[in-house]
Each structure stands twice: as C-alpha cells, then as structure tokens.
Amino acid sequence: MAVSIEELQAKAKLLRKHIIRMTTAAASGHPTSSLSTVEMITALFFGGFMTYRPQEPHWPGRDRFILSKGHAVPALYAAMAEAGYFTVEATMSLRKLGSIFEGHPNMARMPGIEASTGSLGQGLSIGLGQALGCRLDKIDNHIFVMTGDGELGEGQVWEAAASAGKYKVSNLTVIVDQNGYQQTGATKDVLDLRPVADKFEAFGWHVQTVNGNCQATAVAALTIAKSIKDRPSCIVSQTQKGFGILPILEAEGDMNYHGKPLSPALAEKALALLG
Ligand SMILES: Cc1ncc(C[n+]2csc(CCOP(=O)(O)OP(=O)(O)O)c2C)c(N)n1
Ligand SMILES: [Mg+2]
C-alpha cells in the first residue's frame, strides 16, 4: 500500500469535517449515519482498493462503490471531493434547490455516482448485476456495496445475497455498516437480524466481522475481501453511529441522532473536537 495508515487517518478526519460542515450548512441530512462509514470509505477511495478516474468517471475498467444506504451520501461526496471529482466548496450546496448534491445519490445528475439509492434495500442487487456484467465482459474489477444494518430488514438484500452466493460472484464485496441503530431506535429492537455473519455464510459468502472504525482494520479487511477468488465477500463492519463526535451525542442524550444535522453551535464543538 503506497499510503500509510496515518495518512488515511488524517484523510478520515478531513472527511468527517466536510460531513459536519455540509449537513449543518444544509440544516438537514444524516451526519451520524455518514460518520460511521468514514474509515471504510476512506480506505476504499484512498487506500489503493479502487482504481477510478475522476476526469473520466465512466471509464469501463473502473472499480465501483455503491452506497446502498444512500442517506449517508455526505460521506461519499466528501470522499469524491477529496478524490478530485469536484471541489469541497461545491459540496456545501448539499440539499439546496437545483444542486446536484442531492440528499441521496443520483447517478442521472452526478457522474461518478454508480447507482441512485435512498430507497433502502436495492444497492446489493444493483452491485450484483454490475459484478455479473463486468465478469461477462471480462473486466478485471471489483464492485463494493455498503448497506446499513437496519437496511438488512429489506428482503431484497437477501435475494441478492442468495444469488451472489449461487453464482460465486467473487468480484463483489458487501460492507454492512453495523452501527447498531436505524431510524427509530436500536436495530436489535426494531428487527434483530443478527447473527448477520452466519446468514451471509449460509448463502456461500466469505465473511469477516471487524471493527469498522479502526483504520488499520478496515484496510486489512478490504485486503482479504479482495483476495477471495471463489465467492463473494461480506465485511460486517461494526461501527458506532456518529463515530468521531460521540461525546457530543452523549451530551445531547441521543446516541442515534438520526436524520438531524448539528446546530451551528454544536457543529463548532464537533469541529473543535476533531481538531
Ligand atoms: C425502503 C425504505 N424504507 C424506509 C426508509 C427511511 N429510512 C431512511 S434511513 C432509515 C434507517 C436506516 O437504518 P440503517 O440502514 O441502519 O442506516 P444508518 O442510518 O444507521 O446508517 C430509514 C428506515 C428508506 N430510506 N427506504
Ligand atoms: Mg444502522
């Protein structure tokens, strides 16, 4: 790997700051859902796991990332800005009328977005289709999909899981962002689908369960996932919703803080905490 863990950690911190600034400027959005994903997304975009060309976003040989939990798109916009698809300033128009920085990824309006998501449950099926298509075309690439843990309640996820296992789609990796919460409370109370690892394993997947908010662990897990050549790969990424600003959420008495931007005053505190 050309880039060090320390450099990735610095990048992750930057993404977190972009996420907070973007959602507070929008006075809307899902900062905590975005923050839990940051180490994995940082590793994917900057750790050498994906080859992509910001100036040629539709280059057929590219690796692809589909954010199935589309409401966490501030994390994706932050990564794409750092990768050179557009400026960080541009992302500050998040959720403004007319802006291409919509509240959920829209591939029809933004080159580099691989799937329009937001209606939960669909991204893994889309990724599976893309992985099969690329395999058919003999393109040597990898498709990464990230879902939420609440999102796993959508039955379509399991149709895709079963099919990917049957067809041994080894150029497909799903990262389940298991942050323990969904919209209305703890995932275990709303619909407990654990053990998640066993379910994917039963469908023929290679599975790892890891601490997804540890940068070095994220890199190690993705390295293994990409090396598996006889079946699809699942990373159960155990994270914390709002990771990076947990003391602030604690003080607010809301460790989920779903779909709420930080007020300008709280955002200042969060940015100070991140340093
Ligand atoms: C099909 C569908 N149903 C409901 C929603 C509303 N919704 C938006 S975010 C969310 C919670 C998702 O939880 P999880 O997948 O765990 O993501 P997290 O926010 O924790 O990262 C829900 C239910 C949606 N976007 N799509
Ligand atoms: Mg969740």
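This briefing describes a set of parallel strands, two helices, a loop glycine and the surroundings of a ligand. The model is a predicted one. Strand β3 (172–178) pairs in the parallel sense with strand β2 (residues 143–148) over 6 bridges, and another 6 bridges join β3 to strand β7 (residues 233–238), which also runs parallel to β3. Around ligand 1 there are 20 residues, and among those that come nearest are Gly148 and Gln182.

**The strands and their pairing**

- Strand β1 (residues 64–67) is paired with β2 in the parallel sense, with 4 bridges between them, and one of the residues involved is Arg64, whose bridge partner in β2 is Ile143.
- Where β2 meets β3, Phe144 stands opposite Thr173 of β3, and Val145 stands opposite Val174, which is likewise in β3.
- Between β2 and β3 the chain passes through helix α7 (residues 155–166), and the β-α-β crossover made in this way is right-handed.
- On the pairing of β3 with β7, Asp177 has Ser237 as its bridge partner in β7.

**How the strands are covered**

- Strand β2 is mostly covered, with 6 of its 6 residues buried; Ile143, Val145 and Thr147 point one way, while Phe144, Met146 and Gly148 point the other way.
- Strand β3 is also mostly covered, since 7 of its 7 residues are buried, and this holds for both of its faces, with Leu172, Val174, Val176 and Gln178 on one side and Thr173, Ile175 and Asp177 on the other.

**Two helices and the residues after them**

- Helix α1 (residues 5–26) has 22 residues and spans 31 Å from its first C-alpha to its last, which is close to the 32 Å expected at 1.5 Å a residue.
- The residue that follows α1 is Ala27, which has a positive phi, near 55°.
- Helix α3 (residues 38–46) is largely enclosed by the rest of the structure, because 9 of its 9 residues are buried; the buried residues include Val38, Glu39, Met40, Phe45 and Phe46.
- Just after α3 comes Gly48, whose phi is positive at about 90°.

**Gly180 and its loop**

- Gly180 is found in the loop that lies between β3 (172–178) and β4 (181–182).
- Is Gly180 buried or partly exposed? Gly180 counts as partly exposed because it has 18 C-beta neighbours inside 10 Å, whereas a buried residue has 20 or more.
- When its neighbours within four places in sequence are left aside, Gly180 is in contact with Asp149, Ala186, Thr187 and Lys241.
- Leu222 is 42 residues apart from Gly180 along the chain, and the C-alpha atoms of these two residues are separated by 21 Å.

**The surroundings of ligand 1**

- Of the 20 residues around ligand 1, those that come nearest are Ser33, Gly148, Gly150, Glu151 and Gln182.
- Sorted by class, the shell around ligand 1 is made up of 12 polar, 5 charged and 3 nonpolar residues.
- Gly148, one of the residues that come nearest to ligand 1, is also one of the buried residues of β2, where it points the same way as Phe144 and Met146.

Conventions. Residues numbered from 1 in each chain as written. Chains lettered and ligands numbered in written order. Predicted model: local features only at pLDDT ≥ 70, side-chain atom pairs only at ≥ 80, totals over all residues. Near = placed C-beta within 6 Å. Nonpolar A, V, L, I, M, F, W, Y, C, P; charged D, E, K, R; others polar. Helix = DSSP H or I, 4+ residues; strand = E, 2+ residues; numbered from the N terminus. Expected span 1.5 Å × (residues − 1). Buried ≥ 20, exposed ≤ 12 C-beta atoms within 10 Å, placed from the backbone. Contact = placed C-beta atoms within 7 Å. Pairing = 2+ DSSP bridges. Right-handed = clockwise from strand over helix to strand, strands pointing away.
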